[in-house]
Structure formats: structure tokens, C-alpha cells
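This report describes one protein chain for a reader who has not seen it before. Please keep the sequence and the model in view while reading.

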Amino acid sequence: MADKNAFFLRIVTPDRVFYENQVDMVEFNTTEGEIGILPGHIPMTVIVKPGVLNITERESEKKAALHAGFAEILPEGVTILAEIIEWPEEVDADRARSARERAEKRLQGKAPNTDIAKAETALLRALARIQVLK
């Protein structure tokens, strides 16, 4: 018998199935803002924006740095197709801090030929990695 207080979450990257399990809730950033999904959510498709993904399971909570992708949300489950997603133990803290510094310099106009959109995305990805370590 299916648990009416949970739904199936599947997260897939080009390299692996990152996560598959029954969850009570999942939260992540989209291009329209942060979204929290509970069982029975209305169907929709959203574009993922870099940030921290929070997974609430019956007995625990997990978080990961989610960088980009798409999510299909259905009443019975959620599938996230992620370009990159990392558990905290997969994040290199020094590399994340260096990436943040580089992106901030590019956004301050200290780097020639800066693509602002790419620099903003790089900063969001670095911040997601740093936040997931906290």
C-alpha cells in the first residue's frame, strides 16, 4: 500500500542516478523562485536554478547542491533531470570559494570581456556549493 504522505523522488544526471526514494517533501530553486513539493502537488514542469536542494524523508533530511536542469512534477512523484548535483561530501570547499571569488571579480568589472549572465550563474553555483557545506 502506498504512503499517502510521501511521493517518489528521482534525480538523474547524465552520469548516474543520483537519488531514488520515497520522500515527504522536496524543495529547490526554480527560475520562478523557490518551490516546495508535497504529495499530490499539481502537475507542472519547471526549470531548475542553482541552489540547495532539500529532501525531507520520514526520519531524516538531506541536502545537495543542485546546479541546473528541469523538473517534472506530478501528483505521484517528481523527476529532476540535473546537469550537475552534488552531495556535501562531493563538494571541494576550497574550489567553491575560489569559484565564488572569480565570479565576484567578473561581476565587479575586474575581468575583461565578462559575460554577465555566465558570471551570475557561476556565482550561484559556487554559493550553492558553499551553502550545502553548512
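The largest nonpolar core of this predicted model has 23 residues. Those with the most contacts inside this core are Leu9, Ile11, Phe28, Leu53, Ile55 and Ile80. Eight strands each give two or more residues to the core: E1 (7-12), E2 (17-23), E3 (25-30), E4 (33-37), E5, E6, E7 and E8. Phe28 shows how such a residue is surrounded: not counting residues up to four places away in sequence, Phe28 touches Gly33, Glu34, Ile35, Ile37, Val46, Val48, Val52, Leu53, Leu66, Ala71 and Ile80.

**The chain as a whole**

The chain holds two helices and eight strands, and along the sequence they follow the pattern β-β-β-β-β-β-β-β-α-α. Along its principal axes, the C-alpha trace spans about 60 × 30 × 25 Å. Of the 134 residues, 39% count as buried. Among contacts between residues at least 6 apart in sequence, 51% join residues at least 24 apart. The chain exposes about 8000 Å², and carbon and sulfur atoms supply 50% of that area.

Part of the surface is a nonpolar patch made of Ile47, Phe70 and Leu81, with about 300 Å² of accessible area together. Of these residues, Ile47 sits in strand E5 (residues 44-48) and counts as partly exposed, at 42% relative accessibility.

**Helix H2**

Helix H2 covers residues 116-132. This helix has 17 residues and reaches 24 Å from its first C-alpha to its last, close to the 24 Å expected at 1.5 Å a residue. Its buried residues are Ala119, Leu123, Ala126, Ala128, Arg129, Ile130 and Val132. The cover over them includes strand E6 (51-56), strand E7 (61-74), strand E8 (77-86) and helix H1 (93-107).

Two of these buried residues can be followed further. Ala126 has a relative accessible area of 1%. Leaving out residues up to four places away in sequence, Ala126 touches Ala96, Ala99 and Arg100. Arg129 is also buried, at 15% relative accessibility. With the neighbours up to four places away in sequence again left out, Arg129 touches Ala65, His67, Ile84, Glu86, Val91 and Ala96.

**Salt bridges**

The structure holds seven salt bridges. Three of them are listed here.

| Pair | Closest N to O distance |
|---|---|
| Arg10 and Glu20 | 3.2 Å |
| Glu86 and Arg129 | 2.7 Å |
| Asp94 and Arg97 | 2.6 Å |

The pair of Arg10 in strand E1 and Glu20 in strand E2 links distant parts of the chain, 10 residues apart. Arg10 is partly exposed, with a relative accessible area of 31%, and Glu20 is partly exposed at 43%.

Which parts of the chain does the salt bridge of Glu86 and Arg129 tie together? Glu86 lies in strand E8 and Arg129 in helix H2, so this pair ties together parts that are 43 residues apart in sequence. Glu86 is buried, with a relative accessible area of 12%, and its partner Arg129 is buried as well, at 15%.

Asp94 and Arg97 are three residues apart in helix H1, so about one helical turn separates them. An α-helix has 3.6 residues a turn, so residues three or four places apart point the same way. Asp94 counts as exposed, at 51% relative accessibility, whereas Arg97 is partly exposed, at 37%.

Definitions and conventions: Residues are numbered from 1 along each chain as its sequence is written. This is a predicted model: local features need pLDDT of at least 70, side-chain atom pairs count only at pLDDT 80 or more; totals for chains, interfaces and linings use all residues. Side-chain values use heavy atoms; hydrogens and water are left out. Helices (H or I, at least four residues) and strands (E, at least two) are DSSP runs, numbered from the N terminus. Buried means under 20% relative accessible area, exposed over 50%, partly exposed in between (1.4 Å probe, protein chains only). Contact means heavy atoms within 4.5 Å. Patches are made of residues with over 30% relative accessible area and no salt bridge: like charges are joined within 9 Å, nonpolar side chains (Val, Leu, Ile, Met, Phe, Trp, Tyr) within 5 Å. Accessible areas come from the Shrake-Rupley method with a 1.4 Å probe; for residues, only the protein chains shown count as cover. A salt bridge is a side-chain nitrogen of Lys or Arg within 4 Å of a carboxyl oxygen of Asp or Glu. The expected span of a helix is 1.5 Å times one less than its number of residues. A nonpolar core is a set of buried Ala, Val, Leu, Ile, Met, Phe, Trp, Tyr and Cys residues joined through side-chain atoms within 4.5 Å.
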